[in-house]
Amino acid sequence: MAEAVGVAAESLAGDRARAARTVLDQVVLPGEELLLPEQEDAEGPGGAGERPLRLNAGTRSRGRVVCGPGLRRCGDRLLVTKCGRLRHKEPGGSSGGGVYWVDSQQKRYVPVKGDHVIGIVTAKSGDIFKVDVGGSEPASLSYLAFEGATKRNRPNVQVGDLIYGQFVVANKDMEPEMVCIDSCGRASGMGVIGQDGLLFKVTLGLIRKLLAPDCEILQEVGKLYPLEIVFGMNGRIWVKAKTIQQTLILANILEACEHMTADQRKQIFSRLAES
Amino acid sequence: MKETPLSNCERRFLLRAIEEKKRLDGRQTYDYRNIKISFGTDYGCCIVELGKTRVLGQVSCELVSPKLNRATEGILFFNLELSQMAAPAFEPGRQSDLLVKLNRLLERCLRNSKCIDTESLCVVAGEKVWQIRVDLHLLNHDGNIIDAASIAAIVALCHFRRPDVSVQGDEVTLYTPEERDPVPLSIHHMPICVSFAFFQQGTYLLVDPNEREERVMDGLLVIAMNKHREICTIQSSGGIMLLKDQVLRCSKIAGVKVLEITELIQKALENDQKVRKEGGKFGFAESIASQRITAFKMEKAPIDTSDVEEKAEEIIAEAEPPSEVVSNPVLWTPGTAQIGEGIENSWGDLEDSEKEEEDEDGTDEAIILDSLKMDTGVEVSNIGSQDAPIVLSDSEEEEMIILEPDKNPKKIRTQTISAKQEKAPSKKPVKKRKKKRAAN
């Protein structure tokens, strides 16, 4: 946290917006103001006229900039609302400013439409199951939202079972709704998770890191033992290996690798591979 | 907010793991999680961490009038609070059953065991006594609150200093810390709670259960004990039948654990005392480990290139001139050579081993071949030793002929011959290495 404090002190001392480009992958704090690159260019880099970004600058539209989680538009300024590292994704097409968001380090999950999550069935009431996903309220899951389920052919789901599903409705102040089928009616991996294996919770940031395409941890883990693993975007991981010992080792590695540097991780994996 | 339910799969896994004598965090049956005690800047303030369970203890004091029936005794007050910060399931402002149970247990453990001398807290009999208040806040909940809370309470009490008071006639003077050093409380002994979780109707037993183990346990036994092995409180909950032997065994384990924890507490207190006396840094900020969220990715370290040239020149100026390199080319095997010294050439070794393998494969034939070619080989080496250090190998097999500068040609010959005659092939590499050294 010392680093974050340092950044805070700096931003307070500076008392003006920093350009988003210069703080990419750095820690930003709630309340900080950011400038997007177009704004800098328009005003001249380093010039006295470096003003906060105007999102509604109609005459000078150079493509859309999307602000993801952790950033908020406040009037014509861009404010940071979460503590974390600022990220940027280059736009796919030629125009547009890409996507900016803040990778924050939180544990509380907020349902997002389209996210794949692991839930625990807490109640069966008529046509729907109540599923705890770690959000502010349980999600609802229809018994028809399983592959091959019909009114006659009900899926076998018990209270306490684990469900891997996807959000189709996730709005503010509304009960989120899950399904275990894709748009074609196929399960595509979703549904009830088996009775064995271990479920454990990690931070949301770690899940995103593990699921990132350039993350080598999963490959390394896969080399150790044969395993089954499910990642829920709500911070839950279900893992199953041949023996309980192996499952425990895998769970502990995944939990521990959050605050390790690349070198430390390499060491751990090589040590495990030896043993 | 509702508590996260425990899934069937977790329950099943936990019970199976316990049957196999394994625990989620890799502990043994009787192991405690790591206990960490850190002190705040003020006296009587501490945080105790038991694994991920954290309890903040804060002791404060106040002059009050005593209870009517105990005119000469100070008052002790304990209050444990389970805030929502510890776990979202705890509701604020409501006395849950768990909270009542924990508070009662704490009082029994610390007040009823008379670990603190309440008589010494009396200032004027019947009029003014010290009221010592121990506030415990659960900061994070990961099971076994009672053990962490009891440790935090006793540590905070040991660490606490109350203002000094003097009584002269009717006049009571309260001194500020600047005028007189505050005095510690007099503590007779340190009772510490040790929890035992029972599973499968008492078949399995675990010390210091964490949150998930607590959820699947059948019964809990809490034993409060001091280091003299005196039981201060014992409480069994969960409604399981315990055998006499089990309780006795638990009390024995508790004795050992309490001894360890007491030592740890004393060490922590001494350490803090020392740091304070030396004027070093203390307080919570010093004891919190930094977990960097940026640790996951390797950052490119910026290299300071401001005065590289000067530094390089400095190094060159300071360094000794490079030693003379002997640049005698050494030809170890056909096709491999070495210039200079000190470089172990592994090429020769490789071929050596290859040859050995070959020999092992078809021993008989190889020997015959070797004996046939022996003459030519010897001749060649003879020629080599006589005039120039060039020896050629004309055999089709991967044969080893070592060329040396003409220092000791005789040895070379014997070496070559011995190689030819297939005497003890395993010794060859050793001999060759000797030769190398001679050459150097």
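**Chain B: domain spans, core and a helix pair**

Me: How far apart do the end C-alpha atoms of residues 189–254 of chain B lie?
Reply: In this predicted model, the span is 26% helix and 39% strand. Helices (H or I, at least four residues) and strands (E, at least two) are DSSP runs, numbered from the N terminus. The end C-alpha atoms of the span lie apart by 16 Å.

Me: What kind of model is this?
Reply: Residues are numbered from 1 along each chain as written, chains are lettered from A and ligands numbered from 1 in written order, and side-chain values use heavy atoms, without hydrogens or water. Local features need pLDDT of at least 70, side-chain atom pairs count only at pLDDT 80 or more, and totals for chains, interfaces and linings use all residues, for this is a predicted model.

Me: Which helix gives the largest share of the largest nonpolar core?
Reply: A nonpolar core joins buried Ala, Val, Leu, Ile, Met, Phe, Trp, Tyr and Cys through side-chain atoms within 4.5 Å; buried means under 20% relative accessible area (1.4 Å probe, protein chains only). The largest core has 69 residues; Leu80(B), Leu136(B), Phe196(B) and Ile265(B) touch the most other members. The largest share, 12 residues, comes from chain B helix H3 (residues 145–159).

Me: At what angle do H3(B) and H5(B) cross?
Reply: Contact means heavy atoms within 4.5 Å. Ile151(B) and Ile154(B) of H3(B) are among the contact residues, as are Ile261(B) and Ile265(B) of H5(B). Axes are lines fitted to C-alpha atoms over the stretch in contact, with angles from 0 to 180 degrees between N-to-C directions. The two axes come within 11 Å and cross at roughly 35°.

Note on methods
Buried means under 20% relative accessible area, exposed over 50%, partly exposed in between (1.4 Å probe, protein chains only).
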